[in-house]
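Thank you for making time this morning. I would like to talk about charged side chains and how they pair, so please have the sequence and the coordinates open while I speak.

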Amino acid sequence: MRRALFPGSFDPLTMGHLDTIERAAKLFDEVIIGIFINTSKKTLFTAEERLELITQAVAHLENVRVIHQETQLTVTTAKELGVQALVRGVRSFKDFEYERDIAQMNHHLSHELETVLFMAKPEYSHISSSMLKEVLYFGGDVSTYLPTVINEALARKRESDAE
């Protein structure tokens, strides 16, 4: 069985992430989305909220599941899950250099683990979760870049914050 892990913080999950997941689901028997902790980022959604929202966003993909992991390295989780490949999205040359360095470190830590890079479609190549959070913070509309379930959750969050 060809199994892949797509690790990230996914806060929030974007249409670019979803596109990468859908494309990976065509190549692998199983794709596991791993919600990992990025200690340098302040999150919009809790890990539990992201788990639920992402599960809903990928419900149309039978060979995709979502897990949450915050206590170990990605390669350790990959080994435990029997994963052969890590899936990563690349938007730009800057992303490529960053992902190359991570892939080389992951390969050093686990020689049997490969990294598969998916080039972002042009309509998603300029967006990132961090950028979208910044636009949201100042009241901008980013709805075209987010799955419906994420947009709805953001609207509920804005309503509860306004109260």
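**Salt bridges in the predicted model**

Let me begin with Asp101 and Arg100, whose side chains come together in a salt bridge with an N to O distance of 3.2 Å. Please keep in mind throughout that this is a predicted model. As for accessibility, Asp101 is partly exposed, at 42% relative accessibility, and Arg100 is likewise partly exposed, at 35%.

That pair is one part of a wider picture, since the structure holds ten salt bridges. Another of them joins the side chains of Arg2 and Asp29, at 3.4 Å from N to O. Here the pair links distant parts of the chain, 27 residues apart, with Arg2 in the segment before strand E1 (3-8) and Asp29 in the loop between helix H1 (15-27) and strand E2 (30-36). Arg2 has a relative accessible area of 47%, and because partly exposed covers the range from 20% to 50%, it belongs in that class. Asp29, at 34% relative accessibility, is also counted as partly exposed.

Now, which residue forms a salt bridge with Arg3? It is Glu30, and the closest N and O atoms of the two are 2.5 Å apart. Glu30 sits in strand E2 and Arg3 in strand E1, so this salt bridge ties together parts of the chain that are 27 residues apart in sequence. Are these two residues buried or exposed? Both Glu30 and Arg3 are buried.

Finally, I would draw your attention to Arg65, which is linked with Arg3 and Glu30 in a network of salt bridges.

Definitions and conventions: Residues are numbered from 1 along each chain as its sequence is written. This is a predicted model: local features need pLDDT of at least 70, side-chain atom pairs count only at pLDDT 80 or more; totals for chains, interfaces and linings use all residues. Side-chain values use heavy atoms; hydrogens and water are left out. A salt bridge is a side-chain nitrogen of Lys or Arg within 4 Å of a carboxyl oxygen of Asp or Glu. Helices (H or I, at least four residues) and strands (E, at least two) are DSSP runs, numbered from the N terminus. Buried means under 20% relative accessible area, exposed over 50%, partly exposed in between (1.4 Å probe, protein chains only).
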